[in-house]
Amino acid sequence: MKRTRLALAALVLGIAAWSVGIEPGWLQQRQLVLAAPAWTGRPLTIAVAADFHVGAPHAGLPMLQRVVDELNAAHPDLILLPGDFVIEGVRGGQPVAPEDIAGVLARLQAPLGVFATLGNHDWWLDGERVRKALETAGIQVIDNRALPLASADGRLWLAGIGDDMTGHARPDAAFAGVPADARLIVIMHDPANAVALPPQTVVAFAGHTHGGQVRLPLIGALITPGRAPRRHSWGWIPDAPTPTWVTAGIGTSILPIRFNCPPEAVVLRVGGKDD
């Protein structure tokens, strides 16, 4: 009995050490492929990173620089950043100015551009300040609007939905000017708005949930912030009207822990069935 208790105690301590000391800094690059039957032309590579929370433990400026290097090394056509660049408070962390964060993100390069939406933490700090810092660094913030991207057929569009938790989500405004025959890519901070995606959406990306930060086998995320259900906390949303990936993000909030949910940068290749 004593040996069993000691073994259990060692297991708990080991999991705690891993969850606090190792996994939050164990950056992964997740490679995804999406076959879109309606897609024409050459495949498109999209790189995505969300929830940087720069200043959280394991998610300081050195981690941000690693993420930028990972995304650039993938040579994407398009880079999307679905929000929560800053952190206001997490145990063991230290807030970093949005201007310093944007200075590192300015190194991101993609032929079709680098685009962002703002997250709840960005708004809680100062949404307009975060927006200005990003746009000064050459990153377009597209909350609740859409714009065309360069493509051979002129049908490729990108739309952004504002943050849901802080009341900035306006899906109708985001999609108001999108042509019915567009090939649409959507970026949003919170997966709560996945239900509002129009049918011409080829793929959408969200963050906000951090994958739950702690994911247990057979159970998944213990907690999901906001209105999205727990089954929408990470990965492809099973019942979304169009393909939607929710990323586990980079940093942490509230508690600086991750278990079975490492930080990730996502690289997705989208093309037709036979590409």
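**Strands, salt bridges and a surface patch in a predicted model**

Thr-244 touches Met-188, Ala-194, Leu-197, Ala-204, Gly-235, Trp-236 and Ile-237, leaving aside residues up to four places away in sequence. The model in which these contacts occur is a predicted one. Thr-244 belongs to strand 13, which spans residues 244-246. With a relative accessibility of 0%, Thr-244 counts as buried, because the cut-off for that class is under 20%. The side chain of Thr-244 also has a polar partner: one of its polar atoms lies 3.0 Å from the backbone oxygen of Thr-242.

One of the contacts of Thr-244, Met-188, leads on to strand 8, which covers residues 183-188. This strand is mostly covered, and six of its six residues are buried. The cover extends to both faces: Arg-183, Ile-185 and Ile-187 are buried on one side, and Leu-184, Val-186 and Met-188 are buried on the other. In a regular strand, side chains alternate between the two faces of the sheet. Strand 8 has neighbours that can be followed bridge by bridge. Strand 7 (residues 156-161) pairs with strand 8 in the parallel sense over six bridges, and here Leu-156 stands opposite Arg-183. Strand 9 (residues 201-206) also pairs with strand 8 in the parallel sense, over four bridges. Within that pairing, Ile-185 has Val-203 of strand 9 as its bridge partner.

Elsewhere in the model, six strands make up an open sheet with the order 1-14-2-3-4-5 and mixed pairing. Its edges are strand 1 (28-35) and strand 5 (140-141), each of which pairs on one side only. Further inside the order, strand 3 (residues 78-81) and strand 4 (residues 114-116) pair in the parallel sense over three bridges. Leu-80 finds its bridge partner in Phe-115 of strand 4.

Turning to charged side chains, the structure holds nine salt bridges. One of them joins the side chains of Arg-30 and Glu-264, with an N to O distance of 2.5 Å. Arg-30 lies in strand 1 and Glu-264 in strand 14, so this pair ties together parts that are 234 residues apart in sequence. The two partners sit in unlike surroundings: Arg-30 is partly exposed at 27% relative accessibility, whereas Glu-264 is buried at 1%.

A further salt bridge links Arg-107 and Asp-69, whose closest N and O atoms are 3.2 Å apart. Because Arg-107 lies in the loop between helix 3 (98-105) and strand 4, and Asp-69 in helix 2 (residues 61-73), the pair ties together parts that are 38 residues apart in sequence. Arg-107 is partly exposed, with a relative accessible area of 37%, and Asp-69 is partly exposed as well, at 43%. Arg-129 and Glu-99 also meet through their side chains in a salt bridge, at 2.9 Å from N to O. Here Arg-129 lies in helix 4 (residues 120-136) and Glu-99 in helix 3, so the contact ties together parts that are 30 residues apart in sequence. Arg-129 counts as partly exposed at 35% relative accessibility, and Glu-99 counts as partly exposed at 39%. Beyond these pairs, salt bridges with shared partners join Asp-153, Arg-155 and Arg-183 into one network. Arg-183 is also among the buried residues of strand 8 described above.

Glu-264 returns in the surroundings of Ile-250, a residue in the loop between strand 13 and strand 14 (264-271). Ile-250 is buried, with a relative accessible area of 2%. Leaving aside residues up to four places away in sequence, Ile-250 touches Pro-24, Leu-27, Ala-50, Asp-51, Phe-52, Met-63, Val-67, Arg-258, Pro-263, Glu-264 and Ala-265. Ile-250 and Trp-26 are 224 residues apart in sequence, yet their C-alpha atoms are 9.5 Å apart in space.

The surface of the model offers a contrast to these buried positions. Leu-218, Ile-219, Leu-222 and Ile-223 make a nonpolar surface patch of about 490 Å². One of these residues, Leu-222, lies in the loop between strand 11 (220-221) and strand 12 (235-236). Leu-222 is partly exposed, with a relative accessible area of 45%.

How values were computed
Residues are numbered from 1 along each chain as its sequence is written. This is a predicted model: local features need pLDDT of at least 70, side-chain atom pairs count only at pLDDT 80 or more; totals for chains, interfaces and linings use all residues. Side-chain values use heavy atoms; hydrogens and water are left out. Patches are made of residues with over 30% relative accessible area and no salt bridge: like charges are joined within 9 Å, nonpolar side chains (Val, Leu, Ile, Met, Phe, Trp, Tyr) within 5 Å. Accessible areas come from the Shrake-Rupley method with a 1.4 Å probe; for residues, only the protein chains shown count as cover. A salt bridge is a side-chain nitrogen of Lys or Arg within 4 Å of a carboxyl oxygen of Asp or Glu. Helices (H or I, at least four residues) and strands (E, at least two) are DSSP runs, numbered from the N terminus. Buried means under 20% relative accessible area, exposed over 50%, partly exposed in between (1.4 Å probe, protein chains only). A polar contact is a pair of N or O atoms within 3.5 Å; within protein, one must be able to donate a hydrogen and the other to accept it, and residues adjacent in sequence count only if both atoms are side-chain atoms. Contact means heavy atoms within 4.5 Å. Two strands pair if DSSP finds at least two bridges between them.
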